[in-house]
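Here is a walk through one protein chain, from its sheets to its cores and loops. Keep the sequence and the structure open side by side as you read.

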Amino acid sequence: MTDLQAMLAIAVTAADRAADVIRTHAPAELTAKGDRDYASDVDFRVEREVRAFLANATPGVGFLGEEEGHTGTSGSLHWALDPIDGTVNFANALPLCAVSLALVDGDKPIAGVVHLPFLGNVYTAAAGQGAYRRGKPITVASPAKVHDAIVSIGDYAVGDEADSRNVPRLRLTQRLAGKALRVRMFGSAAIDLTWLAEGITGAMVMFSNKPWDTAAGVIIAKEAGAAVVDIDGTPHTMQSSATIAAAPSIVDEVLDIVQSAAASTTS
């Protein structure tokens, strides 16, 4: 059995260390990852420091980092880290970025921490134990319908085939503009999910699902009472193609809007 509280405490310490690096080091070098996509030298520094810390603190647990991939054991239990979720924001002095660190068992996160270095908030959760912001319980809002909710959406696509990949994203924006209270794009999946968990927003939609981006936020949102599903409505896992999370009161309405936006481009 994994002692989730002990593992979560280790994760919090790791995320605190990462946040300190982010706050005290401005990006000096950007490494291209594709068209209009890059990692900063601070991303790499944070990932290497967290990887080393966790290898020492939890030697039997594997590690998956966004920038340098998988190391450690190949068992079902591993850490998933996005060293700076929202690198473009960070590199352009926008304070909306996060350290996202989750403990994943097989296909599902079982504990997670999201630290917002420039906003002073730390969100945590462990399976079956609730979600917290700075140690205080949080829960999702209960909007009656999408009309009453702020909905955040993931970034538009860049890189290969961006134009075609943006068709459903633009459709989603158009549909939500006519239905939601407001539509927001924060540029960080971790922020999308934790602000949903805290009740600031009512839903979030991403037409993608990378484990380092979503794992920590997903367990926090679930433990705060959110419904988190794939685009077909099935329960969300690390293998899901998309990440749709919402207050239970509006998840069906949100899913209808998302599925409509993702329908055939010829419709």
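A residue counts as exposed when its relative accessible area is over 50%, and as buried when that area is under 20%. Keep that cut-off in mind for the loops. The model is predicted.

Start with Arg36. It sits in the loop between strand 1 (30–34) and strand 2 (37–40). Is Arg36 buried or exposed? Its relative accessible area is 55%, and the cut-off for exposed is over 50%. Arg36 is therefore exposed. It still has contacts beyond its neighbours within four places in sequence: Val158, Gly159 and Ala162. Ala80 is another matter. Arg36 and Ala80 are 44 residues apart along the chain, and their C-alpha atoms are separated by 24 Å.

Now turn to the sheet of 8 strands. It is open, its pairing is mixed, and its order is 4-3-5-6-7-8-9-10. Which strands stand at the edges? They are strand 4 (69–71) and strand 10 (136–137). Each has a single partner strand, so one side of each lacks a neighbour in the sheet. Look at the strand 4 end. Strand 3 (residues 62–65) and strand 4 run antiparallel and are joined by 3 bridges. One pairing to find on screen is Gly65 with its bridge partner Gly69 in strand 4.

Helices pack on this sheet. Helix 1 (residues 4–24) touches strand 5 (77–85), strand 6 (98–105), strand 7 (108–116) and strand 8 (121–126). The direction of helix 1 makes about 35° with that of strand 7. Helix 2 (residues 41–57) lies across strand 3, strand 4, strand 5 and strand 6. Helix 2 runs at about 155° to strand 5.

There is also an open sheet of 5 strands. Its order is 12-11-13-15-14, again with mixed pairing. Strand 12 (182–184) and strand 14 (227–229) stand at its edges. Each of these two has a single partner strand, so one side is left without a neighbour in the sheet. From one strand to the next, the twist averages 15°. Inside the order, strand 11 (residues 150–153) pairs with strand 13 in the parallel sense, over 3 bridges. Ser152 has Met204 of strand 13 as its bridge partner.

This sheet has helices across it as well. Helix 6 lies across strand 13, strand 14 and strand 15 (243–246), and runs at about 140° to strand 14. Helix 7 (residues 251–261) lies across strand 13, strand 14 and strand 15, and runs at about 150° to strand 15.

Helix 6 also meets helix 5. The axes of helix 5 (residues 189–197) and helix 6 (residues 211–223) come within 8 Å and cross at roughly 0°. Angles under 35 degrees count as roughly parallel. The two helices are therefore roughly parallel to each other. Helix 5 makes the contact through Ala189, Ala190, Leu193, Thr194, Leu196 and Ala197. Helix 6 answers with Asp213, Thr214, Gly217, Val218, Ile220 and Ala221. By class, this contact has 8 nonpolar, 3 polar and 1 charged residues.

What lies in the interior? The largest nonpolar core has 32 residues. Val114, Leu116, Tyr123, Ile138 and Ile220 touch the most other members. Strand 6, strand 7, strand 8, helix 5, strand 13 (203–206) and helix 6 each supply at least two residues. Which element gives the most to this core? Helix 5 does, with 7 residues.

Tyr123 is worth selecting. Leaving out residues up to four places away in sequence, Tyr123 touches Gly112, Val113, Val114, Leu116, Tyr132, Arg133, Ile138, Thr194, Trp195, Glu198 and Ile220. A second, separate core has 30 residues, including Ala15, Leu77, Val99 and Val113.

Finish with two loop residues. Arg134 is in the loop between strand 9 (131–133) and strand 10. Its phi is near 50°, a positive value in a residue other than glycine. At 58% relative accessibility, Arg134 counts as exposed. Glu161 lies in the loop between strand 11 and helix 4 (162–177). Glu161 is not a glycine either, yet has a positive phi of about 55°. With a relative accessibility of 62%, Glu161 counts as exposed.

Terms used: Residues are numbered from 1 along each chain as its sequence is written. This is a predicted model: local features need pLDDT of at least 70, side-chain atom pairs count only at pLDDT 80 or more; totals for chains, interfaces and linings use all residues. Side-chain values use heavy atoms; hydrogens and water are left out. Axes are lines fitted to C-alpha atoms, for helices over the stretch in contact, and angles run from 0 to 180 degrees between N-to-C directions. Helices (H or I, at least four residues) and strands (E, at least two) are DSSP runs, numbered from the N terminus. Angles under 35 degrees count as roughly parallel, over 145 as roughly antiparallel, 65 to 115 as roughly perpendicular and the rest as oblique. Contact means heavy atoms within 4.5 Å. Ala, Val, Leu, Ile, Met, Phe, Trp, Tyr, Cys and Pro count as nonpolar, Asp, Glu, Lys and Arg as charged, and the others, Gly among them, as polar. Two strands pair if DSSP finds at least two bridges between them. A nonpolar core is a set of buried Ala, Val, Leu, Ile, Met, Phe, Trp, Tyr and Cys residues joined through side-chain atoms within 4.5 Å. Buried means under 20% relative accessible area, exposed over 50%, partly exposed in between (1.4 Å probe, protein chains only).
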